[in-house]
Amino acid sequence: MIGKLNHVAIVVPDLAAASAVYENTLGANVSRPNDLPDHGVTTVFVNLPNTKIELLHPLGDDSPIAKFLERNKDGGMHHICYEVEDIYAARDKLLAEGARVLGSSEPKTGAHGKPVLFLHPKDFCGTLVEIEQV
Ligand code: CO
């Protein structure tokens, strides 16, 4: 059911410092910061040949990643995102398998303008999983 790895998201305490690590130390192609007020994050994309790394920093007062950063002061891996062809078919299979879909189970428009769902980390090896219809 799942296809390509779309991205790995890493929450960082300092976007400029994290961008510099990826651009200078690791020699990657790094985008400029992009504010996404609807999602409560500022993102920087690290474009790799086969996937993307998303550096995330809280934006605004009720950012969904603020608590994560409080618990992980140095930052850390937040979620991985797999591509699916049909998000409703994927959701129905996941629910039938007993997996927990976060929120209302209705897909929301994600940071890339595509429908996404998040899956409970306890059902997926301790990792928050995002699925995105591409
Ligand atoms: Co994501």
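# A walk from pocket to metal site

Let us begin at the second largest pocket, whose lining residues fall into 4 nonpolar, 4 polar and 2 charged. Here, Ala, Val, Leu, Ile, Met, Phe, Trp, Tyr, Cys and Pro count as nonpolar, Asp, Glu, Lys and Arg as charged, and the others, Gly among them, as polar. Before we go on, note that this is a predicted model, in which local features need pLDDT of at least 70, side-chain atom pairs count only at pLDDT 80 or more, and totals for chains, interfaces and linings use all residues. Residues are numbered from 1 along each chain as its sequence is written, and side-chain values use heavy atoms, with hydrogens and water left out.

**Stop 1: the second largest pocket**

Select Pro64, Lys67, Phe68, Arg71, Met77, His78, His79, Gly126, Thr127 and Leu128 to show the residues that line this pocket. (A pocket is an open set of points on a 1 Å grid over the protein atoms alone, where a 1.4 Å probe fits, with protein on both sides within 12 Å along at least five of seven lines; lining residues have an atom within 4 Å of a point.) Now colour helix H2 (66–71) and strand S6, since each of them supplies at least two residues of this lining. (Helices, H or I with at least four residues, and strands, E with at least two, are DSSP runs numbered from the N terminus.)

**Stop 2: the largest pocket**

Which residues lie nearest the centre of the largest pocket? Highlight His39, Pro64, Val116, Phe118 and Glu130 to see them, out of 30 residues in the lining. Next, show S4, S5, strand S6 (76–84), strand S7 (108–109) and strand S8 (115–119), the elements that give two or more residues to the lining of the largest pocket. S8 has the largest share, with 3 residues. Colour this lining by class and you will find 11 nonpolar, 13 polar and 6 charged residues. You have now met Pro64 in the linings of the second largest pocket and of the largest pocket.

**Stop 3: the cobalt ion**

Now centre the view on the cobalt ion. Its protein donors are the NE2 atoms of His7 and His79 and an OE atom of Glu130, lying 2.0 to 2.1 Å from the ion. (Donors are N, O and S atoms within 2.8 Å of the metal, or 3.2 Å for Na, K and Ca; water is not among the atoms, so sites may look incomplete.) Along the sequence, the spacing of the donor residues is H-x71-H-x50-E. Distant parts of the chain are linked here, with His7 in strand S1 and His79 in strand S6, 72 residues apart. Are these two histidines buried or exposed? Both His7 and His79 are buried. (Buried means under 20% relative accessible area, exposed over 50%, and partly exposed in between, using a 1.4 Å probe and protein chains only.)

**Stop 4: strands around S4 and S5**

Follow His7 back into its strand, S1 (residues 5–11), which runs parallel to strand S5 (residues 52–58) and is joined to S5 by 5 bridges. (Two strands pair if DSSP finds at least two bridges between them.) At Val11, look across to its bridge partner in S5, Leu56.

Next select strand S4 (residues 41–47), which runs antiparallel to S5 with 7 bridges joining the two. S4 and S5 make a hairpin with 4 residues between them. Find Asn47 opposite Lys52 in S5, then Val46 opposite Ile53 in S5. S4 is mostly covered, with 6 of its 7 residues buried.

S4 has further partners. Strand S2 (residues 29–30) pairs with S4 in the antiparallel sense over 2 bridges, and Val30 faces Val46 in S4. Strand S3 (residues 34–36) is also antiparallel to S4, joined by 3 bridges, and here Asn34 stands opposite Thr43. In the hairpin of S3 and S4, which has 4 residues between the strands, pick out Gly40, with its positive phi near 70°.

**Last stop: two cysteines**

How many disulfides are there? The count comes to 0, where a disulfide is a pair of cysteine sulfur atoms within 2.5 Å. Select Cys81 and Cys125 to see why: the sulfur of Cys81 is 16 Å from the closest cysteine sulfur, in Cys125, too far for a bond. Their surroundings are also worth a look. Cys81 is buried, at 0% relative accessibility, whereas Cys125 is exposed, at 81%.
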